[in-house]
Amino acid sequence: FLINPQQTQAVTYIVQRLSSMAALFYLTALISYSYARLHQKPALFLVTLVFAGLAFFTKQNTATLPLAIVLIEVTFFQPPGKIQWKKLLLIALPVLAVFGFAAFYFFDLPLEKLDAITRTSHTEYLTRGQYFATQSLVVWHYIRQFFFPLDLHLDYDFPIQQSLISVKVFIALAGHIGILLFAYIIRKKQPVVFFAISFYYLAHLVESSVIPITDVVFEHRTYLPNMGMSMLVAMGFYLLVQQQNLKKIALVLLVLLILWFSYLTIARNAVWTDQIKFYQNETKYSPNKERVWADLGKYYLKDKQYAEALKSFGTALNLGKEGNTLNALPTTLLNTYFALLYTNQLDKAAYFETLIPLDLLSRHDKAVFYYMQGNRYGKIGETSEAQKSYQQALIINPAYLDAKANLAATYMAVSYT
């Protein structure tokens with residue numbers, strides 16, 4: 001769990017430390033619950049509730065925590081074949097109550113809003129059936145990557161499955177069902193294996209089922225589920241070590257695995273240290289995705305490598321075409337505009353101004369656009385237009401010092417003439 005390279009994104013990608021923090025609270029809640037049950041210490045159930053609340057308020061993928069507690073109870077504490085449903089309900093209710101409070105706090109949740117709430121932005125094009133079909137393949141991608149993490153990257157160009165009725169999707173779903181049936185069959189002889197497999201799928205339930213998310217693949221989504229996969233691998237080594245004739249082989253394989261994963265994790269983290277090399281790596285794995293080329297161009301732009309930035313933006317713009325219509329991302333158009341201004345291609349920049357959908361830009365980007373537009377007007381001697389642009393930038397962001405300074409400079413220039 002600690003050294004698998006697939007885990008690096010949830011630690012090194014700063015915004016997704018949400019994932020590792022959520023997993024910390026989620027797993028601590030499970031551990032405190034298990035300890036309370038094993039040692040008959042009811043006070044620790046309060047600790048479980050506290051950490052459950054922290055998990056719920058950290059990230060939505062922790063919504064499965066009540067089910068994980070039920071899974072622990074059924075697997076390790078309930079008599080085999082005699083599930084005490086009333087007891088399970090009493091155990092799950094307090095955690096469900098904490099979850100309900102978190103849900104109402106975040107979403108002001110009437111049930112009729114549930115469909116809108118269980119969608120992220122820009123997923124109208126993606127039906128729940130298409131997302132579920134796609135995730136049936138994505139989870140196999142995650143499983144393969146756990147054992148062979150040689151193609152790690154941030155921005156995947158994973159094909160959307162248009163229907164549940166396809167050979168690939170059928171085989172993928174059959175494989176998942178087969179694994180879960182196998183786990184169920186051996187649950188009495190190997191409860192840890194049953195728990196590990198069930199937990200892996202349970203922890204993927206929020207992000208890899210029927211709640212559409214714009215980006216269908218992200219490695220950080222495997223952080224919590226990989227605890228189940230790690231338990232399964234550890235249990236596999238444990239069972240091998242119990243076989244006297246396989247003990248030495250198993251230990252050698254374990255050491256080699258630890259060394260290999262450690263090397264890959266260090267190498268993957270090294271890629272994160274250089275923004276340009278990072279996105280060069282992205283273009284290798286997702287060469288047909290506009291966003292990765294646009295991001296590479298953005299970092300070339302920051303590094304003042306303007307020629308390379310324009311090449312990258314050119315590739316991004318070509319990928320953003322739909323037939324003869326340019327349908328590129330607003331940020332691709334905006335950053336191309338900046339690169340043209342930095343290279344004094346003012347006529348082309350003026351053309352790009354007409355293409356940028358200002359209503360789709362963030363307030364920050366919109367203010368920068370007007371500031372740069374003011375600079376363009378200043379370069380061609382249109383002082384009054386430059387003033388209007390700087391003033392517009394300051395309406396959006398009154399604390400924009402560069403816009404204030406340039407606006408003041410235009411007033412000075414006018415006063416001297």
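I would like to start with helix α17, residues 363-379, which has 17 residues and reaches 25 Å from its first C-alpha to its last, close to the 24 Å expected at 1.5 Å a residue, where the expected span is 1.5 Å times one less than the number of residues. Helices here are DSSP runs of H or I with at least four residues, strands are runs of E with at least two, and both are numbered from the N terminus. Within α17, the buried residues are A367, V368, F369, Y370, Y371, M372, Q373, G374, N375, R376 and Y377, with buried meaning under 20% relative accessible area, exposed over 50%, and partly exposed in between, for a 1.4 Å probe and protein chains only. Just after this helix, G381 takes a positive phi of about 80 degrees.

Before going further, I should say that this is a predicted model, in which local features need pLDDT of at least 70 and side-chain atom pairs count only at pLDDT 80 or more, while totals for chains, interfaces and linings use all residues. Residues are numbered from 1 along each chain as its sequence is written, and side-chain values use heavy atoms, with hydrogens and water left out.

The predictor's confidence in each residue, pLDDT, runs from 0 to 100; its mean for the protein is 90, and 89% of the residues reach 70 or more. Confidence is lowest in helix α6, residues 114-117, at a mean of 53, and highest in helix α9, residues 191-203, at 97.

Helix α9 also matters for the next topic, the largest nonpolar core, of which it supplies the largest share, nine residues. A nonpolar core is a set of buried Ala, Val, Leu, Ile, Met, Phe, Trp, Tyr and Cys residues joined through side-chain atoms within 4.5 Å. This one has 46 residues, and those with the most contacts inside it are Y26, L30, L65, F199, Y200, V217 and L224. At least two residues of this core come from each of α2 (17-39), α3 (43-56), α4 (65-77), α7 (128-147), α8 (167-185), α9 and α10 (225-242).

Two residues bring distant parts of the chain into view. A339, in helix α15, residues 330-342, counts as buried because its relative accessibility is 0%, and its C-alpha is separated by 6.3 Å from that of Y306, 33 residues apart along the chain. L257, in helix α11, residues 247-272, counts as partly exposed because its relative accessibility is 27%; L257 and F147 are 110 residues apart in sequence and 9.7 Å apart in space, C-alpha to C-alpha.

Turning to loops, Q40 lies between α2 and α3 and, although a residue other than glycine, has a positive phi, near 55 degrees; at 59% relative accessibility, Q40 counts as exposed. K304, in the loop between α13 (290-302) and α14 (306-319), is not a glycine either, and has a positive phi of about 60 degrees; K304 is exposed, with a relative accessible area of 62%.

Finally, how many cavities of 30 Å³ or more does a search of the whole structure find? The search finds one, and about 30 Å³ of space lies in the largest cavity. Its lining consists of S19, K59, N61, E207, H220, R221, Y223 and L224.

Key
1 Å grid on protein atoms, 1.4 Å probe; cavity = no way out; pocket = protein on both sides within 12 Å on 5 of 7 lines; lining within 4 Å. Points joined across faces, edges and corners; volume = space filled by probe spheres on them.
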